Amino acid sequence: MAARTHEGNRAQAQHVSHCVVLGGGYAGVLAAIRLAGKARRRRLPIKVTLVNASPHFVERVRLHEVAAGRQHAPLSIAKSLEGTGVALRVGWVRHVDAAAKRLEIAHAGGEQSQLSYDALLFAPGSVAAPSRVAGSDEHAFNPANAEGAERLRQRLSAARSGERVVVVGGGLTALEIATEIAEARPELSVSLATRGEFGGDLSPRGRAYLQKTFEELRIDVHARVSAREVLADRLVLAPEASSAPLTSLPADIVILATGFRPSALAEISGLEICPDGRLVVDDTLRSPAHPAIWGAGDAVAVVGEDGSFLRMSCATAMPQGVHAADAMIATLAGEPAPQFGFSYVVRCMSLGRRRGLIQVVDRHDRPQDRVFTGGFAAWIKEQVCAYTLLSLRAERALSGVYRWPGQQRASSASAPSVGRGKRGVGGLDAVAVR
Ligand SMILES: Cc1cc2nc3c(=O)[nH]c(=O)nc-3n(C[C@H](O)[C@H](O)[C@H](O)COP(=O)(O)OP(=O)(O)OC[C@H]3O[C@@H](n4cnc5c(N)ncnc54)[C@H](O)[C@@H]3O)c2cc1C
């Protein structure tokens, strides 16, 4: 009896660390599950709370499908967390007080709350990059987030035969949106306007397949132009050759797919950020300036093996979430934190539902000659999208199971000195995405 009382007192005296994950996207939900699973397995006294703006998980990698009219059932974050012991708090984090280790949260109905943490995993993701194109706020659509995709879906569902859709952008998201709409709505006239060469970031074989697919789907391509102004019925373009006059394309629906910008929360909260607004982290994904904060996903500047920042993508966000969770656990257990390692393997693109393009890349993301195309590539891309959700279930069922290419190949680079300590955003240009 005396021994049991002693045991009880010891348990009471044991400090329970509160790990808070901010952001319930790909990085955050997986990180929360990993944290709770590892803490349970190692019997560490850790409590995990996930804070997200909405009770639903947004599958951003499918937002172009949503915009083109495909139905996807809403996914409950609470359901993904079932049995993990992770508490979910729904609300909008307005401020991270790094000195007091506290979040200030606004809830629906005007209620406010605070949440203290011992360790914070910062993963609020990204939003559409701000547009410098005049008239875009009034007339353009951007499916980078759920609200934007829904607005576009409603507009497209009301579009009549022959209406003209112009997608601005040449990255993977722009290519996916243009092809998705052209395939789902062949009665619309779809075109794409991009700076630089069309498919310029692909291998010659990848580019050739892209061109063939755009021809088959009857998507007009206007390359080497930049969008200047969106009007109610047209898009004004400036050709890249500076002496050439402005031109314009008739357009009923203009879609901007010109990149993402990290969440502004790090900047608003005065955290240490890079010039593009992403949180600075070291090679273990911990903030050097705010040692109780780790980061993962689109909101964080993670340096790859070649010294450049990793692309904003789901493919990099999930490994970062898991790594940051592992690094946090190691630190709380008094062990050295591992360095983050990551190798690129492929870039996966859906080009509508029936075609896809898988561009093989080297570990630094440079396109190689090899590509997979057609229905097989569309199938692979679909498996990749499904795998993101499967990973959440797998990690929940079997803690520690999530792995990724290059995991063991720890990066020797640390966060670059440029941008460190700069709290202002020196230029919110769209950063490399997907
Ligand atoms: C159309 C489209 C297609 C894409 N396809 C691919 C693809 O094929 N492959 C790929 O790798 N990537 C793809 N991406 C990119 C990918 O979706 C993002 O890079 C990825 O979602 C980043 O994950 P994350 O966890 O960092 O952030 P997010 O998924 O953006 O999640 C962040 C979460 O934090 C929440 N949040 C933000 N701020 C706050 C706050 N202040 N308070 C509370 N909660 C907050 C948000 O509501 C959200 O739930 C695509 C993106 C788009 C738009």
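**Helix packing and strand pairing in a predicted model**

Helices α2 and α11 are roughly parallel to each other, since angles under 35 degrees count as roughly parallel and theirs is about 15°. Before going on, I should say that this is a predicted model.

Let me stay with that helix pair. Two packed helices are described by the angle between their axes and the distance between the axes. Here α2 covers residues 26-41 and α11 covers residues 374-397, and their axes lie 9 Å apart. The crossing of α2 past α11 is left-handed. Which residues meet? From α2 there are Tyr-26, Val-29, Leu-30, Ile-33 and Arg-34, and from α11 there are Thr-388, Ser-391, Leu-392, Glu-395 and Arg-396. By character, the residues of this contact are five nonpolar, two polar and three charged.

Next, the sheets. One is an open sheet of five strands, and reading across it the order is β11-β18-β12-β13-β14, with parallel pairing. At its edges are β11, residues 140-141, and β14, residues 220-222, each pairing on one side only. What does β11 pair with? Its partner is β18, residues 253-256, in the parallel sense and over two bridges. Within that pairing, Phe-141 has Ile-255 of β18 as its bridge partner.

A helix lies across part of this sheet. That is α7, residues 172-184, which lies across β12 (164-168), β13 (189-193) and β18. Relative to β13, α7 runs at about 170°.

The second sheet is also described as open, with three strands in the order β15-β16-β17 and antiparallel pairing. Its edge strands are β15, at 225-230, and β17, at 247-250. From one strand to the next, the twist averages 35°. Strand β16, residues 234-239, is joined to β17 by four bridges, and the two run antiparallel. In this pair, Val-236 stands opposite Ser-248 of β17.

Last, a hairpin. It is formed by β23 and β24, with five residues between the strands. In the turn, Gly-352 has a positive phi of about 85°. The strands are β23, residues 346-350, and β24, residues 356-361; they run antiparallel and are joined by five bridges. One of the pairs is Arg-347 with its bridge partner Gln-359 in β24.

Is β23 buried or exposed? Four of its five residues are buried, so β23 is largely enclosed by the rest of the structure.

Conventions. Residues are numbered from 1 along each chain as its sequence is written. This is a predicted model: local features need pLDDT of at least 70, side-chain atom pairs count only at pLDDT 80 or more; totals for chains, interfaces and linings use all residues. Side-chain values use heavy atoms; hydrogens and water are left out. Axes are lines fitted to C-alpha atoms, for helices over the stretch in contact, and angles run from 0 to 180 degrees between N-to-C directions. Angles under 35 degrees count as roughly parallel, over 145 as roughly antiparallel, 65 to 115 as roughly perpendicular and the rest as oblique. A crossing is left-handed if the near helix is turned anticlockwise from the far one by less than a right angle, and right-handed if clockwise. Contact means heavy atoms within 4.5 Å. Ala, Val, Leu, Ile, Met, Phe, Trp, Tyr, Cys and Pro count as nonpolar, Asp, Glu, Lys and Arg as charged, and the others, Gly among them, as polar. Two strands pair if DSSP finds at least two bridges between them. Buried means under 20% relative accessible area, exposed over 50%, partly exposed in between (1.4 Å probe, protein chains only).
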